[in-house]
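Student: I'd like to go through this model and check why each label is used. Can we take it one term at a time?

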Amino acid sequence: MSVITYRQALRDTLRAEMVRDENVLVIGEEIGVFEGSYKITEGLLKEFGPRRVKDTPIAEEGFVGAAIGAAMLGLRPVVELMTINFSLIAIDQIINHAAKIYGMFGGQTSVPLVIRTPGGGGQQLGATHSQNIELFYSFIPGLKVMAPSTPAEASSMLRAAIRDDDPVLFLENLGLYNSKGEVPDDYAEPKNDNVATIGRAAVTREGRDITLIGYSRMAMVAGQVAEKLADEGISVEVVDLRSLRPLDRQTFVDSVKKTGAAVICEDDWLTYGIGAEIAASIQEGAFDYLDAPVRRVAMAEVPMPYAKPLETAALPSVESITTAIKETLSAVGKRVG
């Protein structure tokens, strides 16, 4: 095993897929000469040339539409949007075209398109550049939405997204790019077939007292919470959703049946958030097993502040999640250390 950053896992896997399949190309703003705003495409223009690494104007609707057309004709475009906030410019292309074409054409053509885009707060980028609006896309049939939390997941899930025949929105939280984790030594090999199953959640830590559910950055934070509470004698089971559409309800419902309690943590807003769907699914699938109401911890219901202390206060944290877990366990009489 090797220890690398989330950023490197994405870059090396993208390159490996371009080597493996000449139909894979990369499209986006400043991804070529500048090598990408986050350096995920570093070195790709030099290696593969301008036919397969396409710098575009600042026109998301235009180049996402071009990528959809290219996918319909047999290519496998990987679009990089500088931030998920800019996807709003292309939301018509994504929702009304990429997601609908296979169904509206009766399966005569598919759209093997990947849209990679970072999001999330914590970087002092202001309200219009710090959003988690994946709910817009997770709501839409015809799209697949993936949200890896570790370098190993970033690699195997990006590989799966590129090889899939449906349009995939691939979410990369900005707070994860410099995080490190183990990956197999052959993770960057073009012949590597370690391909994640799209729509499969993972129990990343076994526990008995309570289930803690998260995705993307919050799945990483959930692991930190579980580690901290283990020192206090509280056994937390952690479920990483990994995929938001399709959603693996069975994995987290089975976990809640085992523990009898659940806390959901998410970087988006509480109202109408991803956590609301998870809570509803738990109520439907594990109601008779619950010892306490499902708790949700999410971002404050405000546009993201720029000032660092306010931004930090607006985001869910190890402390706020820990408090929710202890309150939930106390309500059912379980020992909380």
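Tutor: Sure. Keep in mind that this is a predicted model. Let's start with strand β1, residues 2–5, and its partner β8.

Student: Okay, what makes β1 and β8 a pair?

Tutor: Two strands pair if there are at least two bridges between them. β1 and β8 have 4 bridges, in the antiparallel sense, so they count as paired. One place to look is T5, which stands opposite K180 in β8.

Student: Which residues of β8 are covered and which are uncovered?

Tutor: In β8, residues 180–183, G181 and V183 make the covered face, while K180 and E182 lie on the uncovered one. In a regular strand, side chains alternate between the two faces of the sheet.

Student: How do you know that β4 and β5 are paired?

Tutor: Use that cut-off of at least two bridges again. β4 (residues 76–80) and β5 (residues 114–119) are joined by 3 bridges, so they pass, and they run parallel. V78 stands opposite V114 in β5. Helix α3, residues 60–72, packs on the sheet there, touching β2, β4 and β5, and its direction makes about 165 degrees with that of β4.

Student: What is the strand order in the open sheet?

Tutor: The order of its 7 strands is β3-β2-β4-β5-β7-β6-β12, with mixed pairing.

Student: And why are β3 and β12 said to stand at the edges?

Tutor: β3 (53–55) and β12 (243–245) each have a single partner strand, so one side of each lacks a neighbour in the sheet. Neighbouring strands of this sheet are turned by 20 degrees against each other on average, ignoring direction.

Student: Is D164 buried or exposed?

Tutor: Buried means under 20% relative accessible area. D164 has 16%, so it is buried. D164 sits in the loop between α7 and β7, and its side chain reaches the backbone nitrogen of D166 at 2.9 Å.

Student: Why does that count as a polar contact, and what else does D164 touch?

Tutor: The limit for a polar contact is 3.5 Å, and 2.9 Å is within it. Beyond its neighbours within four places in sequence, D164 is in contact with R76, P112, K144 and I198.

Student: Last one: why is the chain called as compact as a globular protein of that length?

Tutor: The chain has 12 helices and 14 strands. Its radius of gyration is 20 Å, close to the 20 Å that the globule rule gives for 337 residues, so the description fits. Buried residues make up 55% of the chain.

How values were computed: Residues are numbered from 1 along each chain as its sequence is written. This is a predicted model: local features need pLDDT of at least 70, side-chain atom pairs count only at pLDDT 80 or more; totals for chains, interfaces and linings use all residues. Side-chain values use heavy atoms; hydrogens and water are left out. Buried means under 20% relative accessible area, exposed over 50%, partly exposed in between (1.4 Å probe, protein chains only). Helices (H or I, at least four residues) and strands (E, at least two) are DSSP runs, numbered from the N terminus. Axes are lines fitted to C-alpha atoms, for helices over the stretch in contact, and angles run from 0 to 180 degrees between N-to-C directions. Contact means heavy atoms within 4.5 Å. A polar contact is a pair of N or O atoms within 3.5 Å; within protein, one must be able to donate a hydrogen and the other to accept it, and residues adjacent in sequence count only if both atoms are side-chain atoms. The radius of gyration is taken over C-alpha atoms; the globule rule is 2.2 Å times the number of residues to the power 0.38.
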